[in-house]
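Thank you all for coming; I would like to take a few minutes to walk through one model, moving from its sheets to a single residue, then to its hairpins and its internal space. Please have the sequence and the structure open while I talk.

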Amino acid sequence: MKKYLNTADSDWYKQRLPAVVLIVTAGFGVLLARLFFLQIIEGGELRRLSETNCIRLQDIDPPRGLIFDCNGEILVDNRPSFDLSLVLKDARPLEKTVEKLAQYTGWSQDEIFDKIERNKTPYSYKPVLLRQDIGRDMLAAIEVRKFDLPGIVIDVRTRRHYIREKSAAHLLGYLGEINARELESETYSDYRGGDLIGKFGVEKSYEEFLRGTVGGRQVEVNANGRVVRVLNTVDARPGQNIFLTIDRKLQEKAEQLLQQRAGAVVAMEVDTGKVLALASYPPFDQNDFVSGLSHEKWRELISNPLRPMENKAIQAEYPPASTYKIITAAAGLEEGVIDQNTAMYCPGFYRFGDRDFRCWKRGGHGTVNVVRALAESCDVYFYQVGLKLGIDRLAWYAKAFGLGARTGIDLDHESEGLVPTAAWKRKRTGVPWQRGETLSVAIGQGYNLATPLQMAVLTSAVANGGVLYRPQILARVETAGGEIVLDNEKEVAGQLPVSQKTLGIVKKGLWEVVNGSRGTARIAKLEDCEICGKTGTAQIVGRKKNENVKDSDREKHHRAHAWFVAYAPSEKPEIAAAIIVEHGEHGSSAASPIARDLFATYFELETKQ
């Protein structure tokens with residue numbers, strides 16, 4: 001039996017052995033064939049790759065979205081630029097490469113090494129940016145000597161281009177390189193060092209739309225780091241295009257009307273909250289930031305006493321001066337402390353305690369009611385209305401009219417302004433409120449502070465019948481192909497707590513300011529369009545007792561700021577504006593002509609100077 005089993009096993013192995021040998025032989029045959037292919041047929045190419053070439057991944061930056069005005073006129077686009085970088089792994093020897101690069105570019109070797117040290121990464125194959133936007137002359141100088149400069153790489157990238165230099169600079173903003181703090185935040189979690197991001201204005205507010213999606217390519221490079229061929233590409237996706245509510249023509253007119261004077265102009269649609277113009281002077285050139293601003297230029301900007309980097313339309317805070325009388329009048333009428341016929345006598349001052357609070361008109365206005373008091377800006381009338389209301393009731397109305405809080409515009413660093421109350425003063429100074437302080441607040445002086453944008457929103461609400469709209473600068477967002485991604489809608493922020501009767505009386509006074517025989521802004525009158533408005537003169541240096549110094553005799557930086565708020569046309573208002581001219585002295589002479597000419601441009605009317 002045992003002999004039988006051994007014979008059976010032997011037969012089983014003999015039958016399967018040829019198959020096993022065949023499989024093993026075939027396997028070795030495939031390996032030998034592959035070795036023959038790699039070593040004999042492709043050997044030369046693979047040897048070249050192994051000795052001199054390697055595969056790398058390169059990012060493709062997406063074109064940033066364009067920015068247009070409300071009529072489709074382009075404000076910001078992109079242009080090609082050339083960035084010079086160095087790959088440490090390929091720049092061997094480094095000292096020799098840097099020496100030659102310094103020779104060909106005119107840069108110092110210390111400057112180049114400093115750039116390398118500050119911008120290098122842990123990965124030696126990652127390009128180190130040496131200079132952005134080098135220009136065509138330097139490009140040509142480097143390209144003709146590229147074989148002497150191993151590791152030097154020139155990338156063609158899109159660069160931001162602000163078409164109308166300095167126009168709408170504070171609104172549009174600018175780009176800058178992302179910093180370490182921003183890289184650590186969740187907002188920029190998918191960004192990398194060296195990326196350019198919106199730092200200010202619209203560029204920052206709508207970064208998520210404008211940025212686009214980064215692409216990439218797989219390339220083969222030689223021993224000098226130069227691309228031999230592109231193996232694979234994933235295209236970048238361009239950013240989306242932004243259409244603003246700004247009217248380019250009106251914006252440039254507002255900037256022109258400031259005529260080298262520090263200040264701001266804000267214009268908006270009264271029934272939507274769309275901002276048509278937002279100008280701040282002096283401006284800055286955003287194109288200076290595109291390739292990196294020098295330390296000297298930055299110091300020059302931030303040390304300028306006219307504060308060009310401040311967006312005065314939304315950041316600068318001023319006493320609203322007599323434009324605040326709109327609130328005092330509305331509050332007095334609504335609370336019943338006065339009516340349309342309530343008359344008060346103005347001899348040119350108001351005696352309170354042991355002090356005379358003067359009216360701007362030394363001889364006084366005589367007997368006036370609320371309409372005439374608005375038209376002629378009688379301080380004495382509003383002193384008394386403010387006293388009857390008291391500081392806290394006055395403050396409640398001021399806040400209800402939108403003061404003391406941000407408007408919610410899509411721009412960074414908007415200021416809140418200040419609406420003083422008795423509790424606020426006690427908390428801030430530890431001293432109780434004095435009734436005499438209410439007199440100053442009632443005419444827009446004292447602790448009061450407001451931004452031009454807040455006053456434009458307030459004026460729009462008076463014009464449209466009481467609706468406070470959140471100011472908007474974004475009209476819509478479109479893809480590069482024209483598909484609408486976002487179509488912005490108007491947003492109601494509040495309602496003025498006053499009746500239509502009260503608004504009607506206030507608006508009658510504002511009509512008289514421009515169109516009446518005694519109005520303080522008769523210079524702003526247009527023949528074919530009735531403008532309504534209110535002037536203001538914001539003192540920045542208090543007058544001493546019995547002081548008779550005129551503003552024109554003061555040093556310029558001590559002169560009053562000039563205000564004018566207005567809307568037009570009077571019957572069916574379409575546009576409202578707020579203008580501030582720093583140290584302009586009088587709203588009637590410095591600010592109201594700006595509104596007149598701005599409205600003439602909007603309605604395409606001629607002005608008679």
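What follows is a short tour of some sheets, helices, residues and cavities in this model.

Let me say at the outset that this is a predicted model, and everything I describe should be heard with that in mind.

I will begin with the five-stranded sheet. Its strands form an open sheet in the order β12-β11-β23-β22-β21, and the pairing is antiparallel. At the edges are β12, covering residues 275-281, and β21, covering 532-538, each of which pairs on one side only. Neighbouring strands of this sheet are turned by 5° against each other on average, with direction ignored. If you look at the pair at one end of the order, strand β11, residues 263-269, is joined to β12 by six bridges, and within that pairing M268 stands opposite V275 in β12.

Which helices lie across these strands? One of them is α19, residues 452-464, which lies across β11, β22 and β23 and runs at about 30° to β11. Another is α21, residues 587-602, which lies across β11, β12, β21, β22 and β23, running at about 30° to β22.

Staying with the edge strand β21, I would like to pick out T535, which is found in that strand. Is T535 buried or exposed? Its relative accessibility is 7%, and because the cut-off for buried is under 20%, T535 counts as buried. The side chain of T535 makes a polar contact with the side chain of T520, at 2.8 Å. Leaving aside neighbours within four places in sequence, the residues in contact with T535 include T520 again, together with S322, T323, V513 and A521, as well as W563, F564, G587 and S588. For orientation, β22 spans 561-568 and α21 spans 587-602, should you wish to locate the last four of those contacts.

Now to a three-stranded sheet, which is open, has the order β1-β8-β9, and is again antiparallel in its pairing. Here the edge strands, each pairing on one side only, are β1 at 54-60 and β9 at 227-234. The twist in this sheet averages 25° from one strand to the next. Between β1 and strand β8, residues 215-221, the antiparallel pairing extends over seven bridges, and the bridge partner of I55 in β8 is E220.

Following the chain onward, the loop between β9 and β10 contains R237. With a relative accessibility of 57%, and since exposed means over 50%, R237 counts as exposed. Even so, R237 touches P62, G212 and T213, not counting residues up to four places away in sequence. As a sense of scale, R237 and V371 are 134 residues apart in sequence and 59 Å apart in space, taken C-alpha to C-alpha.

That loop leads to strand β10, residues 241-244, which pairs with β18 in the antiparallel sense over four bridges. Strand β18, residues 474-478, is mostly covered, with four of its five residues buried. On the other pairing, three bridges join β18 to strand β19, residues 484-487, and these two also run antiparallel. V477 is a useful landmark, as it is the bridge partner of I242 in the pairing with β10 and has L486 as its bridge partner in β19. The hairpin of β18 and β19 has five residues between the strands, and G482 takes a positive phi near 95° there.

A second hairpin is formed by β14 and β15, with two residues between them, and G353 in its turn has a positive phi of about 65°. Strand β14, residues 349-352, pairs with strand β15, residues 355-358, in the antiparallel sense over four bridges, and R351 stands opposite D356 in β15.

Finally, the internal space. How many cavities of 30 Å³ or more are there? The count comes to five, and the largest cavity holds about 100 Å³ of space. It is lined by 14 residues, of which L75, R164, S167, A168 and L172 lie nearest the centre of the cavity. The elements giving two or more residues to that lining are α6, at 169-172, and α10, at 248-258, and the largest share, three residues, comes from α10.

Methods. Residues numbered from 1 in each chain as written. Predicted model: local features only at pLDDT ≥ 70, side-chain atom pairs only at ≥ 80, totals over all residues. Heavy atoms only, no water. Pairing = 2+ DSSP bridges. Axes fitted to C-alpha atoms, helices over the stretch in contact; angles between N-to-C directions. Contact = heavy atoms within 4.5 Å. Buried < 20%, exposed > 50% of the residue type's maximum accessible area, 1.4 Å probe, protein only. Polar contact = N/O pair within 3.5 Å; in protein donor to acceptor, adjacent residues only side chain to side chain. 1 Å grid on protein atoms, 1.4 Å probe; cavity = no way out; pocket = protein on both sides within 12 Å on 5 of 7 lines; lining within 4 Å. Points joined across faces, edges and corners; volume = space filled by probe spheres on them.
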